[in-house]
Each structure stands twice: as C-alpha cells, then as structure tokens.
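Reader: Before we go through this one together, could you show me the structure?

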Amino acid sequence: MCGIIGYVGESAAQSRLVAGLQKLEYRGYDSAGIALVDDALSVYKQVGLVGDLDLPADSPQTCGIGHTRWSTHGRPTDANAHPHTDCSGRVAVVHNGIVGNYDDLRAELPDHEFQSETDTEVVAHLIEVELEFTDDLVAAVSAAVERIEGSYALGVVAAGHDGIVVARRNSPLVVGHGSDGNFVASDVTPLLEHTREVSYLEDGDIAHVTREGVEVRHDGASVERAVHRIAWDPDAAEKGGYDHYMLKEIHEQPQALRQAIAGRIDAVEERVELDLSLSAAFLDSLDEIQLVACGTSYHACLYGKQLLESLADVRVTVEFGSEYAVGSGRDPERTLVVGVSQSGETADTLRALRTAKRTGIRTLGVTNTVGSTVARECDDALYIQAGPEIGVAATKTFASQVVTLALLAIDVADSRGELDPADGRELLSNLQALPGAVQTALDRDEEVREVADAYAGGDAFFFIGRQFATPVALEGALKLKEISYDHAEGFPAGELKHGPLALITEGTPVLAILTDGARPEETHNNVKEVQSRGAPVVAVTSETGREGDYEVGFDVPDLGVLEPLVANVYLQLFAYYVADGKARPIDRPRNLAKSVTVE
Ligand code: AGP
C-alpha cells in the first residue's frame with residue numbers, strides 16, 4: 001500500500017517527485033523519501049509526511065524515484081524508510097509489495113551490511129551482486145527479481161546508469177508518457193498534471209524508462225503495452241476548497257451517482273444497457289452469484305445481494321475476499337463471481353478472483369479504476385464511474401457501487417426473464433431520483449455537524465438497521481471507526497437483544513435507520529429497547545409524525561429500497577464531523593491506506 005513515483009526527463013526531478021508523492025500519500029504515510037541520480041546518487045528519506053522531507057533547495061538531477069510508505073515489515077523509522085540502497089550506495093530501490101523470502105535472501109549475502117529491518121532492502125543488494133557481472137541495469141534487475149518470492153512494484157536507479165528500471169508482479173505500476181520526460185507511478189493520480197497518456201504494466205513486465213522512451217520486456221522479449229488516455233481531469237484530484245478530500249467526495253455523491261447511471265438506463269424501453277459480454281443464456285443458467293470484496297466494498301455487496309435476490313431470483317452469497325473459497329458443490333459453469341473493488345488493486349479480492357478463475361468460474365470486476373488489475377484480469381469489467389476518490393475512507397464509491405449493482409440486478413433479472421416490470425420501473429425511477437435525494441441530505445450538512453458535536457463524546461457508538469439498512473449500519477460504523485478512532489459497531493437491529501444490548505448505556509449514542517427497505521416498524525421497537533437503557537437515538541427515517549420519538553431525527557424522501565443510501569449520507573457526515581471535531585487526520589487515518597495491495 002505504498003506509493004511509488006519516478007521521473008526522467010529534461011526538467012529537474014526533485015519537485016516533480018515531491019508533488020507526485022503528495023498525490024500518492026493516501027496510499028501510505030508512515031515515511032517518505034526520494035533518490036536523485038546522475039553520475040552520483042543522493043538519497044533523502046525520513047519518518048513522516050512528504051512535505052516534511054528535508055531536501056536541498058534545487059537539485060539539478062533530472063532523474064529520480066520516490067516513495068511514500070505504509071509499513072508492513074519494520075516500524076516507521078528513518079532507516080526503514082525507502083529508498084533503500086546497497087553497500088556501495090550507488091543503487092537505490094523503492095518498493096510496493098512484500099518480499100516474502102527476504103530472510104533467506106539476506107542469509108545468502110553474509111558479507112553485505114543491512115541498514116534496515118525491511119523486506120525491501122535485500123533487493124538493492126541483490127542488484128549490487130548482479131552488477132558485478134553486468135553493466136546492464138535492466139539485466140541486473142531482471143536477474144534480481146527472479147529471486148524474489150512475493151509481490152512487488154519496484155523502481156530502481158543507479159549512479160552512472162541512464163533512466164529508471166521498474167518491474168511488477170501483483171502490485172500496480174503505470175507508466176506516464178510526458179512531453180518533457182517520462183514517469184512511473186503506483187496509479188494515475190500524480191500523473192494527471194503532466195500527461196493523460198498512460199500504459200499499464202502487466203505482471204512480469206520489466207521496463208526501462210528513459211527521457212527518450214519506454215522499453216518494456218516480458219519473459220526476456222520486447223513487448224508493447226497499449227497507451228490509454230485518462231478521462232479524469234487534474235482538478236478532480238484536488239480538494240476543491242473543502243478542508244478534506246473526504247468531505248469533498250461526500251459532496252460529490254450526486255454527480256458520482258449521475259455518472260454511475262449515465263448512458264445505462266433506456267428510459268423508453270425501461271431497460272438497462274451495461275455492455276457486458278455475459279450472455280442471457282449464461283445468466284439464465286446461473287445457480288449462484290458469489291460477490292467478493294473487502295471493507296466498504298463488502299458492505300456494498302451485502303446491499304447488492306438483496307437487490308439481486310429480490311429482482312433476479314438467483315442465489316447470491318457474499319464473501320470477504322480474504323476468506324474466499326469457491327466452496328464445494330458449485331458447478332463452475334453455472335456460477336458467476338463478481339469482485340467489487342474501488343481501487344481494483346485490493347490483494348485479498350484479487351486472490352479470490354484468481355481462485356475462482358482457476359476453477360473455471362466466470363468473473364466480473366466492478367471497479368472505479370479503469371486499467372486496474374481487477375478490471376484487466378476479470379472476464380468482464382463494470383465501472384462505477386465515480387471519478388477519483390482520494391480520501392482513505394471510501395464514501396461516494398460506496399453509493400456508486402450499490403447503484404451499479406442495482407443496475408446489474410435489473411440486467412440479470414431481465415436476462416433471466418424474472419424482472420417484474422413494476423419492480424423494474426420503480427427501481428429505475430428511484431435510481432434517477434437518487435442524486436436529488438442525496439443532495440437534500442447534503443443540504444442539511446450544518447445540522448449534522450451540530451448533532452455530531454453534541455454526541456462526539458460518546459463512550460461508543462452503535463448503528464442499527466434492518467434489511468437494506470443493515471449494510472448501511474455496518475458502513476456507518478466503519479466510517480466512524482476509520483476516521484475518528486472511536487469504538488463503533490453496526491448491527492442488524494434485531495440482533496441487539498441477543499447480546500450487544502449489554503453494551504448500551506446513557507453514554508452510547510445509537511444511530512438508527514428506519515426507512516423503507518429497512519422494516520422501520522420492527523426497528524422502531526429496537527429503538528425503544530435502547531432508549532429504555534438511556535441511550536440517545538439519532539434516527540434517519542422516512543416515517544412521518546415520529547420525529548418526536550427520537551433525540552434527533554432526519555428524514556429521507558420516498559425512494560423505496562434505495563432510501564438507506566440517502567440515510568448513509570447522514571452517517572458519513574456524522575462520522576466526518578465527529579472526527580473533525582477531534583482534529584483527526586481525516587484523509588489519512590492512522591494505520592490505514594487507500595488500496596491494500598498485500599494479503
Ligand atoms: C473503506 O473506507 C476503506 N478504505 C477500506 O475498507 C476499503 O473499502 C477496502 O480496503 C476495499 O478497498 P477496494 O474497494 O479498493 O477494494
């Protein structure tokens with residue numbers, strides 16, 4: 001979950017590396033560093049944010065690599081920060097991934113002196129050994145990576161050697177084709193201000209990036225990687241006047257939702273057009289759809305499961321990517337595995353998709369990131385079209401994932417001949433009304449801040465809902481945990497009395513969702529249960545005339561099973577303002593990273 005950047009060209013590299021790393025800091029922020037190279041190598045690295053790096057005023061070097069770290073092996077220390085160098089101090093390496101056999105490799109280099117506790121440093125020493133036999137840095141890196149067991153996106157420079165050598169296996173790496181030089185990066189975000197022409201490297205690729213061009217090799221042979229034009233504009237990756245990316249992205253939801261349905265609803269035929277290669281015959285033959293994901297995406301799958309089962313009459317299971325196994329008794333021909341991942345790079349979800357593919361199961365990737373590994377490795381890709389999401393806590397992409405799964409549910413139901421026209425019509429019209437309804441919730445932003453300020457001191461927080469609101473209750477709790485560091489839990493409301501009710505006191509605010517699609521009547525009884533233990537209740541409800549039943553009530557317009565998605569906006573804002581009130585680093589919460597690229 002680290003961020004890598006590299007530049008070689010006509011201009012000074014230092015400022016470009018620093019600016020690029022700041023755009024990548026949502027991938028990890030334990031430490032940062034850069035290496036600048038010409039006939040000599042200069043390395044600057046330390047614990048903390050990129051902006052705190054102690055750098056010379058104006059380094060002339062026009063080639064360099066940089067790194068922002070999310071620690072996996074070795075605590076956040078200056079010595080463990082990347083870039084790592086070899087004994088000669090002439091080779092520098094930045095790495096995103098895990099060198100699983102680093103201990104064994106270190107043991108094979110007894111004469112080498114290691115400065116850090118990291119798995120990565122041994123790679124610099126392996127390259128040092130190879131450079132004793134060849135003066136070709138590409139060949140040296142190729143030989144070194146042969147010895148690595150694990151995952152890597154590597155950037156390598158060496159004094160006296162031209163350009164940057166990069167290599168990838170199970171970790172994302174993009175090349176940016178610029179006008180005054182070329183770039184490498186972990187994703188496109190830092191490249192947008194320089195170029196929109198990018199190439200995605202494949203697993204096993206090794207590329208030599210120079211100011212003149214990019215030479216890619218695969219299994220020793222020269223290969224061409226397609227150049228893609230990125231649609232996102234650079235401003236999309238800016239804060240746009242908000243204090244945090246997270247708040248900006250919460251407020252971008254109406255636009256993101258319009259983009260998710262844009263061009264996919266045929267309002268005349270009341271049908272959905274998703275441009276997938278899943279044939280009606282295949283969809284009709286399906287016994288089961290397995291949804292696999294992690295974190296917020298997993299919550300979106302819990303919502304999607306109910307939409308698919310209620311409309312398409314097909315068995316749907318939801319699995320954590322890290323726990324996934326195909327399961328016995330499945331007919332691979334009649335099973336579809338759908339991997340849902342905002343980043344498209346989450347290692348646990350990728351592992352699940354690869355497991356399914358190996359057993360001959362068809363796979364569909366639902367992702368926000370064009371060109372991501374999930375999109376390229378699945379048989380089909382369905383984009384949620386939410387635009388870049390920089391804040392580590394996923395917000396707009398949750399709603400866009402649910403809406404995209406709703407479109408998929410209508411498409412699958414239609415193909416299976418199971419779609420009840422009235423249900424289809426209602427959901428399609430609610431999908432088109434959803435952006436406006438979300439805007440009504442966003443317009444009550446200030447009121448939510450007051451409620452958050454009032455309850456921020458809670459000992460712990462509980463989120464409850466039923467049916468379509470259960471995933472939203474889980475999501476609300478996850479958001480609060482991630483950014484405020486408070487203890488928060490989400491439950492199906494009916495589960496409280498089977499144990500968690502013991503945790504309820506005057507000091508534990510309960511956020512309850514009582515909308516359509518959430519069996520509000522029954523949830524109301526659970527609200528009474530917690531109120532009778534003194535807990536203050538913040539309710540998001542579509543019921544009329546009950547506002548007085550709760551300490552605080554927010555209402556949502558009539559949108560059927562999509563109402564919990566509007567309720568989710570109140571929970572996102574609540575979490576944001578509780579964390580903001582506690583001055584938390586909201587866009588970069590401790591110990592987390594935006595895309596988790598190791599298992
Ligand atoms: C959510 O706020 C977190 N960032 C995290 O749980 C995230 O949803 C999870 O890591 C999955 O990421 P993905 O959607 O990019 O696969």
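Author: Gladly. Two strands are said to pair if DSSP finds at least two bridges between them. Please keep in mind that this is a predicted model.

Reader: What makes β2 and β3 a pair?

Author: Strand β2 (residues 31–37) and strand β3 (residues 41–47) are joined by seven bridges, and the definition asks for at least two, so they count as paired. Their sense is antiparallel. One of the partnerships links Ile34 with Tyr44 in β3. The two strands form a hairpin, with three residues between them.

Reader: How do you know that β23 pairs with β25?

Author: The same test works here. Three bridges join β23 (residues 461–465) to β25 (residues 510–514), and at least two are needed, so this is a pair too. These strands run parallel, and Phe463 stands opposite Leu511 in β25.

Reader: Which strands make up the open sheet, and in what order?

Author: The order is β24-β23-β25-β26-β27, with parallel pairing.

Reader: Why are β24 and β27 called edge strands?

Author: β24 (488–492) and β27 (552–555) each pair on one side only, and that is what earns them the name. On average, neighbouring strands of this sheet are turned by 15 degrees against each other, direction ignored.

Reader: What is the angle between helix α15 and β25?

Author: Helix α15 (residues 520–531) runs at about 165 degrees to β25 and lies across β23, β25 and β26 (537–541). Helix α16 (residues 563–581) also makes about 165 degrees with β25, and touches β23, β25, β26 and β27 as it packs on the sheet.

Reader: Why is α8 called roughly antiparallel to α14?

Author: Their axes cross at roughly 170 degrees and come within 9 Å. Angles over 145 count as roughly antiparallel, so α8 and α14 earn that description. In their contact, residues of α8 including Leu302 and Tyr303 meet residues of α14, among them Leu474 and Leu478. By class, this contact has six nonpolar, four polar and two charged residues.

Reader: Which residues lie nearest the centre of the largest pocket?

Author: Those are Cys294, Gly295, Thr296, Lys594 and Val596, out of a lining of 26 residues. The space in this pocket is about 480 Å³. Both α8 (295–312) and α14 (469–484) are among the elements that each supply at least two residues of the lining.

Reader: How many residues of each class does that lining have?

Author: It has ten nonpolar, twelve polar and four charged residues. Gly counts as polar here, so Gly295, one of the lining residues, belongs to the polar class.

Technical notes: Residues numbered from 1 in each chain as written. Predicted model: local features only at pLDDT ≥ 70, side-chain atom pairs only at ≥ 80, totals over all residues. Heavy atoms only, no water. Helix = DSSP H or I, 4+ residues; strand = E, 2+ residues; numbered from the N terminus. 1 Å grid on protein atoms, 1.4 Å probe; cavity = no way out; pocket = protein on both sides within 12 Å on 5 of 7 lines; lining within 4 Å. Points joined across faces, edges and corners; volume = space filled by probe spheres on them. Axes fitted to C-alpha atoms, helices over the stretch in contact; angles between N-to-C directions. Contact = heavy atoms within 4.5 Å. Parallel < 35°, antiparallel > 145°, perpendicular 65-115°, else oblique.
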